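Please examine the sequence and the structure displayed below. The paragraphs that follow lead through the fold step by step.

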Amino acid sequence: MSVLSEDYRIDSHKLIYHPDRVACWLRGENIYPIGVEIAPSGTCNHRCIFCALDYMEYKPNLLDKDLILADLKEMHQLGLKSVVYAGEGEPLVNKKTPEIINDTKRLGLDVAMSTNGVLFTKDVSDECMEALTWIRFSVSAGTSECYQKIHRGLPGDFERVLENLNHAVELKRKKNLSTTLGVQMLLIPENLGEVMELAKIMKEIGVDYFTVKPYSQHPKSFCTVDTGFDYEKFTYLEQELNELSSDSYQIFFRTKAMNKKKQSKAYSKCLGLPFFTYIDASARVWPCIAFLGDSKLCYGSLKEKSFVEIWEGKHRADIVEKFNNMDISICRELCRLDEINSYLDQLRNPGEHVNFI
């Protein structure tokens, strides 16, 4: 099934499709999130040189299946619509993740996953791909040698990812699945010469889209990427990549995100927190992955309280108030809530001419 580029809205937001929830927020109501990102695993089979959460030290925490599903059932009843399994580790390190994906779908929620793809084997894809609305593979090199230098996994991992992608495409076609298969490349100095090579490989395999995004420095990360990389010098790649695009293979070179690295934010507060939340592999609830590990900003633990108790509690309200008064210049570059924050800021602070349609 073909998906229009507008459906992805990779460098935009989707709050425009949830006007009722936005209206409740404008009235000052305590709304529940539309989406949540959940980490099934705290550890990873790779040690990527660009990893934003390397400071979490890849702890071998595995999310409890029964615990998270009980809370997701309650969250869905209160308005949760989607779950992305990703987080501070590789989701599929947790052997229960395919089961969690399927059970999440059975609850009536839309489900997606972000993975490095090494563990998305034939057996795993056969088990759970049908339940996924989309799956995004992180692949940041076009050759095995460069892949090993950047992803720092086991020898042969690049070939394993390509094999798994080939099977996923074959499975989608065989079963006529609607699952969107995407590949994301993080553009850094180490892989600049391999963008076109990887784009061609992905087109040959038959994935639905390929996206190239800029590196964004996490305030706490100690990774080794050159933070002075000037993306403006390499926007010529967009035109070259577009020549590979087709109706069945879309390419997104994220120029808008790259340009944002040199722009100040158009808003002064992080307003989007109520619409989204993050749950780590230890079942702790956070406002944002950018502050993962800062215990003062943790909403609470699902091992101690239900999600409703946490969301309705004074402790969370106090943290939200902290964010309302926080200098957002300390936030991560290219925050995932940036477009949402701009949109909500415009709604809350309309100009004098808004009635002139």
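Against which elements do the buried residues of α7 pack? They pack against α5 (122–128), β4 (134–138), α6 (144–151), β5 (180–187) and α8 (195–205). Before going further, note that this is a predicted model, in which local features need pLDDT of at least 70 and side-chain atom pairs count only at pLDDT 80 or more, while totals for chains, interfaces and linings use all residues. Residues are numbered from 1 along each chain as its sequence is written, and side-chain values use heavy atoms, with hydrogens and water left out.

Some terms are needed at the outset. Helices (H or I, at least four residues) and strands (E, at least two) are DSSP runs, numbered from the N terminus. A residue is buried under 20% relative accessible area, exposed over 50%, and partly exposed in between (1.4 Å probe, protein chains only). A contact means heavy atoms within 4.5 Å.

The overall form comes next. The chain contains 13 helices and ten strands. Its C-alpha atoms fill a box of roughly 50 × 50 × 40 Å, taken along the principal axes. For 357 residues, a compact globule would have a radius of gyration near 21 Å, and the 20 Å of the chain agrees with this; the radius is taken over C-alpha atoms, and the globule rule is 2.2 Å times the number of residues to the power 0.38. Of the 357 residues, 55% count as buried. Among contacts with a separation of 6 or more, 74% join residues 24 or more positions apart.

Helix α7 now deserves a closer look. This helix, residues 157–175, has 19 residues and reaches 27 Å from its first C-alpha to its last, close to the 27 Å expected at 1.5 Å a residue; the expected span is 1.5 Å times one less than the number of residues. Its buried residues include Phe 158, Val 161, Leu 162 and Leu 165. Just after α7, Asn 176 takes a positive phi of about 55°.

The strands can be considered together. An open sheet of ten strands has the order β7-β6-β5-β4-β3-β2-β1-β8-β9-β10, with mixed pairing; two strands pair if DSSP finds at least two bridges between them. The edge strands, each pairing on one side only, are β7 (250–253) and β10 (300–301). At the β10 edge, β9 (residues 284–286) and β10 pair in the antiparallel sense over two bridges, and Arg 284 has Ser 301 as its bridge partner in β10. At the β7 edge, β6 (residues 209–214) and β7 pair in the parallel sense over four bridges, with Gln 250 in β7 as the bridge partner of Tyr 209.

In a regular strand the side chains alternate between the two faces of the sheet. From β7, Gln 250 and Phe 252 point one way and Ile 251 and Phe 253 the other way, and all are buried. Strand β4 has a covered face, Ile 135 and Phe 137, and an uncovered one, Trp 134, Arg 136 and Ser 138. Strand β3 (residues 110–115) pairs with β4 in the parallel sense over four bridges, and Met 113 stands opposite Ile 135 in β4.

What lies in the interior? In soluble globular proteins, nonpolar side chains tend to be buried together. A nonpolar core is a set of buried Ala, Val, Leu, Ile, Met, Phe, Trp, Tyr and Cys residues joined through side-chain atoms within 4.5 Å. The largest nonpolar core has 105 residues, of which Leu 72, Phe 120, Met 202 and Phe 210 touch the most other members. Apart from this core lies another, of 13 residues, among them Leu 53, Tyr 278, Ala 281 and Cys 298.

Some loop residues complete the picture. Most residues other than glycine have a negative phi. Tyr 58, in the loop between β1 (35–38) and α3 (65–77), has a positive phi near 50°, and counts as buried because its relative accessibility is 14%. Arg 152, in the loop between α6 and α7, also has a positive phi, of about 50°; with a relative accessible area of 43%, Arg 152 is partly exposed. Ser 264, in the loop between α10 (255–260) and β8 (276–279), is exposed because its relative accessibility is 69%.
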